[in-house]
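Hi,

Here is the structure I said I would pass on. Have a look at it first, and then read my notes below.

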Amino acid sequence: MSLPVSSVALSQNGESSDAIRRTANFKPSIWGDRFVNNNIPEEQVIHVSKVREVEELIAEVRRELLASADQPSKQLNIIDVLQRLGVAYHFERHIGEALERIYASSGAIHDDNDLYNVSLHFRLLRQQGFRVSSDVFNKFKDEKGQFKASLRANIPGLLAFYEATHLRVHGEEILDEALSFTTTQLESVKSNLRNPLATQVTHALNQSLHKGIPRLESRVFITLYQEDTSHNKALRSQLRSLSPLA
């Protein structure tokens, strides 16, 4: 008849003894108690909150950019602001796709008679590497082959045209003429302009956007952008918050 196995170990002399338990001498964890302690540092909370805010702003601006796809001029303006504020890297793929689409339907630039729109279209596409003909500016000349006198009153247009001329290549006579024309006109009126346009014109004449250092140009533009009330207020606030230099 078999006997039940006792849960208590027996010594050699038949007396019971407590089971011997082995213990290990573990070294302290290199992580300490950081996973046990629930007191998150305040600076970490602030950082997480800031990251979340930036992500929300990026999403909002992205929606604004994509929503303007059927309005090339508006979309180009948004792209220009993104680039000049130094935050375009957040939207690199979307900007590239937008410019590709605008270039593919570049007939719009030939139908547009606004000097500012045509100049911005030309500059943004050409600096992206697209082949945009400078012939688009021929429509701004009169029957004598001179730039129309009516352009002199369009300061934003002249400034955009001036910036576009700095992407000219050798042999583009119309852009050589345009650089001379816009420089003369802007120099003659800069002292009569109000800020922020006066500051923008003066700075551009001293240092064109194309030849400037991006980070320094962004610093200048941030100040000008904050002062310009003509921009969409909500978008202006969002973009200013995204800029690492603001």
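Let me start with a charge and a ring: the charged end of Lys-141 sits over the ring of Phe-147, 5.4 Å from its centre. For a charge to sit over a ring here, NZ of Lys or CZ of Arg has to be within 6 Å of the ring centre and within 35 degrees of the ring normal.

Before you go further, some ground rules. This is a predicted model, in which local features need pLDDT of at least 70 and side-chain atom pairs count only at pLDDT 80 or more, while totals for chains, interfaces and linings use all residues. Numbering runs from 1 along each chain as its sequence is written, and side-chain values use heavy atoms, with hydrogens and water left out.

Back to Phe-147, which belongs to one aromatic cluster together with Phe-122, Phe-137, Phe-140, Phe-161 and Phe-181. The count of aromatic pairs comes to seven. The rule for a pair is that rings of Phe, Tyr and Trp (its six-membered ring) have centres within 6.5 Å; planes under 30 degrees apart count as stacked, over 60 as edge-to-face and the rest as tilted.

Now the overall picture. The protein has 10 helices and zero strands; both are DSSP runs numbered from the N terminus (H or I and at least four residues for a helix, E and at least two for a strand). Of its 246 residues, 35% are buried, where buried means under 20% relative accessible area, exposed means over 50% and partly exposed is in between (1.4 Å probe, protein chains only). Taking contacts (heavy atoms within 4.5 Å) with a separation of 6 or more, 62% are between residues 24 or more positions apart.

A few buried spots show how distant parts of the sequence come together:

- Val-61 is in helix α1 (residues 42-67) and counts as buried at 0% relative accessibility. Val-61 and Phe-91 are 30 residues apart in sequence, with 9.0 Å between their C-alpha atoms.
- Leu-65 is in α1 too, and is buried at 0% relative accessibility. Leaving aside neighbours within four places in sequence, its contacts include Ile-78, Leu-82, Phe-91 and Ile-95. From Leu-65 to Ala-98 is 33 residues in sequence and 8.8 Å in space, C-alpha to C-alpha.
- Gly-157, in helix α6, is buried at 0% relative accessibility. Beyond four places in sequence, Gly-157 is in contact with Leu-115, Tyr-116 and Ser-119. Asp-114 is 43 residues away from Gly-157 in sequence, yet 7.7 Å away C-alpha to C-alpha.
- Ser-119 sits in helix α5 and is buried, with a relative accessible area of 0%. With the same neighbours left out, Ser-119 is in contact with Phe-137, Gly-157, Ala-160, Phe-161 and Ala-164. The C-alpha atoms of Ser-119 and Glu-163 are separated by 8.0 Å, with those positions 44 residues apart along the chain.

Next, the largest pocket, which has a volume of about 500 Å³. Of its 25 lining residues, the closest to its centre are Arg-84, Tyr-116, Leu-159, Gln-200 and Phe-221. On the method: on a 1 Å grid over the protein atoms alone, a pocket is an open set of points where a 1.4 Å probe fits, with protein on both sides within 12 Å along at least five of seven lines, and lining residues have an atom within 4 Å of a point. Grid points are joined across faces, edges and corners, and the volume is the space filled by probe spheres set on them.

Which helices each supply at least two residues of that lining? They are α2, α5 (115-127), α6 (155-165), α8 (197-206) and α9 (214-227). The lining divides into 13 nonpolar, six polar and six charged residues; Ala, Val, Leu, Ile, Met, Phe, Trp, Tyr, Cys and Pro count as nonpolar, Asp, Glu, Lys and Arg as charged, and the others, Gly among them, as polar.

Arg-84 is worth finding on your screen. Arg-84 lies in helix α2 (residues 72-85) and is buried, with a relative accessible area of 16%. Outside its neighbours within four places in sequence, Arg-84 is in contact with Arg-123, Gln-200, Leu-209, Glu-217, Ser-218 and Phe-221.

One last item is a peptide bond: the one from Asn-195 to Pro-196 is cis, with omega near 5°. Pro-196 is in the loop between α7 (173-189) and α8.

Cheers
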